[in-house]
Amino acid sequence: MSDQFHFYEPRKGHGLPHDPFKSIIAPRPIGWVSSQNDEGRLNLAPYSFFNAFCAAPPIIGFASAGWKDSVANIEATGEFCWHLVTRALAEKMNTSSASVGNEVDEFALAGLTPAASSVVKVPRVLEAPVSFECRLTQLIQLESADGEKLDNWLVLGEVVGVHIDKHMLSEGIYQTAAAEPIMRAGGPATYYTINDDVRFEMERPDDSGQ
């Protein structure tokens with residue numbers, strides 16, 4: 001095998017100081033998810049395995065390592081909200097990631113304001129410049145290639161309501177970099193943000209393949 005590449009089989013270990021998988025799939029947007037249980041107890045937690053999966057209807061999803069409060073709440077109520085994590089909210093998001101008992105309200109822990117949603121019952125983070133109200137579409141237990149069921153759960157939800165701070169709109173166009181969204185990357189504590197200084201444009205090839 002060529003010395004140009006470091007090759008490993010994940011099940012046998014990577015042989016490096018830090019697992020490169022999460023660094024390679026990067027930067028990863030953050031799924032900052034609010035939910036509540038049947039009794040109305042609130043939960044707010046970030047997930048770094050998150051993305052959008054469908055445009056019409058809009059569907060987003062996140063994966064949880066373990067059956068955590070967010071997953072249990074969403075299974076019980078069928079609802080959740082997602083929030084854009086910006087540089088200004090980074091520390092509060094990080095605070096909400098603390099491993100605390102389900103009796104702890106992470107909104108209060110992080111000093112955030114729960115705001116009433118318009119379509120779902122789950123409150124959203126008022127301070128977030130963008131939030132999605134979502135209804136559960138699928139809750140899937142992940143499996144390995146050999147069919148072993150994993151303690152990892154994929155939550156997919158249809159976006160049924162969108163809140164955008166008007167400061168993020170210019171002539172009706174959403175300004176992605178203006179909010180300074182942060183993304184997970186690299187080692188155990190590394191994040192990135194984006195700005196217009198590193199933007200470039202690239203048109204898709206036309207249907208002729210040229």
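# Exercises on a predicted model

G15 is located in the segment that precedes α1 (21–24). The structure is a predicted model.

**Exercise 1.** Decide whether G15 is buried or exposed.

Solution.
- Step 1: find the relative accessible area of G15, which is 73%.
- Step 2: compare this value with the cut-off, since exposed means over 50%.
- Step 3: G15 is therefore exposed, because its relative accessible area is 73%.
- Step 4: place G15 against a residue further along the chain. The C-alpha atoms of G15 and L44 are separated by 35 Å, and the two residues are 29 apart along the chain.

**Exercise 2.** Describe the overall make-up of the protein: how many helices and strands are there?

Solution.
- Step 1: count the elements. The protein has four helices and 14 strands.
- Step 2: take the extent. Along the principal axes, the C-alpha atoms fill a box of roughly 55 × 45 × 35 Å.
- Step 3: look at burial. Of the 210 residues, 36% are buried.
- Step 4: look at the surface. About 13000 Å² is exposed, and 53% of it comes from carbon and sulfur atoms.
- Step 5: look at contacts. Taking those between residues at least 6 apart in sequence, 57% join residues at least 24 apart.
- Step 6: look at charge. There are 16 positive and 28 negative charges, and their mean positions are 2 Å apart.

**Exercise 3.** State which residues the annotation "domain: Flavin reductase like" covers, and describe that span.

Solution.
- Step 1: the annotation comes from an unreviewed UniProt entry and covers residues 23–176.
- Step 2: residues 23–176 are 14% helix and 46% strand.
- Step 3: the end C-alpha atoms of this span lie 23 Å apart.

**Exercise 4.** Work out how β2 and β3 are joined, and how many residues of β3 are buried.

Solution.
- Step 1: strand β2 covers residues 31–36, and six bridges join it to β3 in an antiparallel arrangement.
- Step 2: one bridge pair is S35 with N43 in β3.
- Step 3: the two strands form a hairpin with five residues between them. In its turn, G40 has a positive phi of about 90 degrees.
- Step 4: β3 spans residues 42–47, and five of its six residues are buried, so the strand is mostly covered under a cut-off of under 20% relative accessible area.

**Exercise 5.** Trace the pairing from β6 through β9 to β10: how many bridges join each pair?

Solution.
- Step 1: β6 (residues 79–83) and β9 (residues 130–143) run antiparallel and are joined by five bridges. E79 has R135 in β9 as its bridge partner.
- Step 2: β9 and β10 (residues 149–164) also run antiparallel, with twelve bridges between them. Here E133 stands opposite G161 in β10.
- Step 3: β9 and β10 form a hairpin with five residues between the strands, where G147 takes a positive phi near 90 degrees.

**Exercise 6.** Give the strand order of the open three-stranded sheet that contains β13, and name its edge strands.

Solution.
- Step 1: recall the general rule. Strands of a sheet pair through backbone hydrogen bonds, either parallel or antiparallel.
- Step 2: the order is β1-β13-β14, and the pairing is antiparallel.
- Step 3: β1 (28–29) and β14 (191–193) each pair on one side only, which makes them the edge strands.
- Step 4: β13 (residues 182–184) pairs with β14 over three bridges. One of the residues involved is M183, whose bridge partner in β14 is Y192.

Terms used. Residues numbered from 1 in each chain as written. Predicted model: local features only at pLDDT ≥ 70, side-chain atom pairs only at ≥ 80, totals over all residues. Heavy atoms only, no water. Pairing = 2+ DSSP bridges. Buried < 20%, exposed > 50% of the residue type's maximum accessible area, 1.4 Å probe, protein only. Contact = heavy atoms within 4.5 Å. Areas by Shrake-Rupley, 256 points an atom, 1.4 Å probe, with all protein chains shown as cover. Lys, Arg positive; Asp, Glu negative; His and termini not counted. Charge placed at Lys NZ, Arg CZ, Asp CG, Glu CD. UniProt positions renumbered as here; feature names shortened; annotations may be inferred.
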